[in-house]
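Visitor: I have a model open and would like to learn how to read it. Could you walk me through it feature by feature?

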Amino acid sequence: MAGQYPINLMTVMNLADMGFSSQSFRFGSLTMESDKYICIKDQATDGSSQVAVIDMHADNQVTRKPMKAEASLMNTQDNIIALKGKTDSQHGHFIQVFNLTTKEKLGVHQF
């Protein structure tokens with residue numbers, strides 16, 4: 001019976017075992033881009049907001065950055081992240097794009 005299915009499923013990692021809150025396992029807080037990156041909006045131990053990026057092509061290496069983003073999305077090829085958040089001073093939202101390798105802001109758009 002096991003050999004008749006076109007795909008095989010297996011657990012690669014357990015995010016709860018890696019220290020992530022189960023509250024982060026929902027749409028809007030967790031994204032998976034191809035088979036390379038998982039992004040999680042999570043709370044740090046001090047209660048501040050952070051975005052964690054798991055690189056599954058680098059032995060599930062976790063990079064945590066303090067960010068107030070509502071949502072995050074990784075580029076499928078490069079170490080580039082897009083963040084969406086609310087503006088502090090006015091009504092609306094913004095999207096920022098960063099190259100995490102060079103620590104360079106690539107662009108911002110407010111709407």
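Guide: Happy to. Let's begin with contacts along the chain. Among contacts between residues at least 6 apart in sequence, 23% join residues at least 24 apart. Keep in mind that this is a predicted model.

Visitor: Which secondary structure elements does the protein chain have, and how many of each?

Guide: There are eight strands and zero helices. Read from the N terminus, the order is β-β-β-β-β-β-β-β.

Visitor: What does the C-alpha trace span along its principal axes?

Guide: About 60 × 30 × 25 Å. As for burial, the chain has 111 residues, and buried ones make up 29% of them.

Visitor: Now charges. How many salt bridges does a search of the whole structure find?

Guide: The search turns up one. To read such a pair, look for a Lys or Arg side-chain nitrogen within 4 Å of an Asp or Glu carboxyl oxygen. Here the partners are Glu 70 and Lys 84, at 3.2 Å, N to O. The pair links distant parts of the chain, 14 residues apart: Glu 70 sits in the loop between E4 and strand E5 (71-74), and Lys 84 in strand E6.

Visitor: Why do Glu 70 and Lys 84 count as partly exposed?

Guide: The partly exposed class runs between the buried limit, under 20% relative accessible area, and the exposed limit, over 50%. Glu 70 counts as partly exposed because its relative accessibility is 22%. Lys 84 joins that class because its value is 31%.

Visitor: What about Asp 55: is it buried or exposed?

Guide: Asp 55 is buried, yet it has no salt bridge. The nearest side chain of opposite charge belongs to Lys 36, 5.1 Å away, and the cut-off for a salt bridge is 4 Å. Asp 55 is placed in strand E3 (residues 49-55).

Visitor: Which backbone atom does the Asp 55 side chain reach?

Guide: The backbone nitrogen of His 57, at 3.0 Å. If you set aside neighbours within four places in sequence, Asp 55 is in contact with Lys 36, Tyr 37, Asn 60 and Gln 61.

Visitor: On to pockets. How much space lies in the largest pocket?

Guide: About 270 Å³. A good next step is to ask what lines it. The lining has 15 residues, and the closest to the pocket centre are Met 67, Lys 68, Ala 69, Leu 83 and Gln 96. Strand E4 (61-66), strand E6 (80-86) and strand E7 (93-99) each give two or more residues to that lining. E7 gives the most, with four residues.

Visitor: I'd like to look at backbone angles too. What is the general idea with phi?

Guide: Most residues other than glycine have a negative phi. Look for the ones that go the other way. Asp 59 is not a glycine, but it has a positive phi of about 55°. Lys 103, also not a glycine, has a positive phi of about 60°.

Visitor: Where do Asp 59 and Lys 103 lie?

Guide: Asp 59 is in the loop between E3 and E4, and it counts as exposed because its relative accessibility is 77%. Lys 103 is in the loop between E7 and strand E8 (104-110), and its relative accessible area of 68% makes it exposed.

Visitor: Is Thr 87, which lies in the loop between E6 and E7, buried or exposed?

Guide: Buried, because its relative accessible area is 14%. Not counting residues up to four places away in sequence, Thr 87 touches Gly 92, His 93, Phe 94 and Gln 110.

Visitor: And what can I read from Val 62 in strand E4?

Guide: Val 62 is partly exposed, at 30% relative accessible area. Beyond residues up to four places away in sequence, it touches Met 18, Phe 20, Ala 52, Val 53 and Ile 54. Then compare sequence with space: Val 62 and Ile 38 are 24 residues apart along the chain, and their C-alpha atoms are 9.4 Å apart.

Visitor: How does that comparison go for Gln 43 and Thr 31?

Guide: They are twelve residues apart along the chain, with 16 Å between their C-alpha atoms. Gln 43 lies in strand E2 (residues 37-43) and is partly exposed, with a relative accessible area of 45%. Leaving aside neighbours within four places in sequence, Gln 43 is in contact with Ser 48, Ser 49 and Gln 50.

How values were computed: Residues numbered from 1 in each chain as written. Predicted model: local features only at pLDDT ≥ 70, side-chain atom pairs only at ≥ 80, totals over all residues. Heavy atoms only, no water. Buried < 20%, exposed > 50% of the residue type's maximum accessible area, 1.4 Å probe, protein only. Lys, Arg positive; Asp, Glu negative; His and termini not counted. Polar contact = N/O pair within 3.5 Å; in protein donor to acceptor, adjacent residues only side chain to side chain. Contact = heavy atoms within 4.5 Å. 1 Å grid on protein atoms, 1.4 Å probe; cavity = no way out; pocket = protein on both sides within 12 Å on 5 of 7 lines; lining within 4 Å. Points joined across faces, edges and corners; volume = space filled by probe spheres on them.
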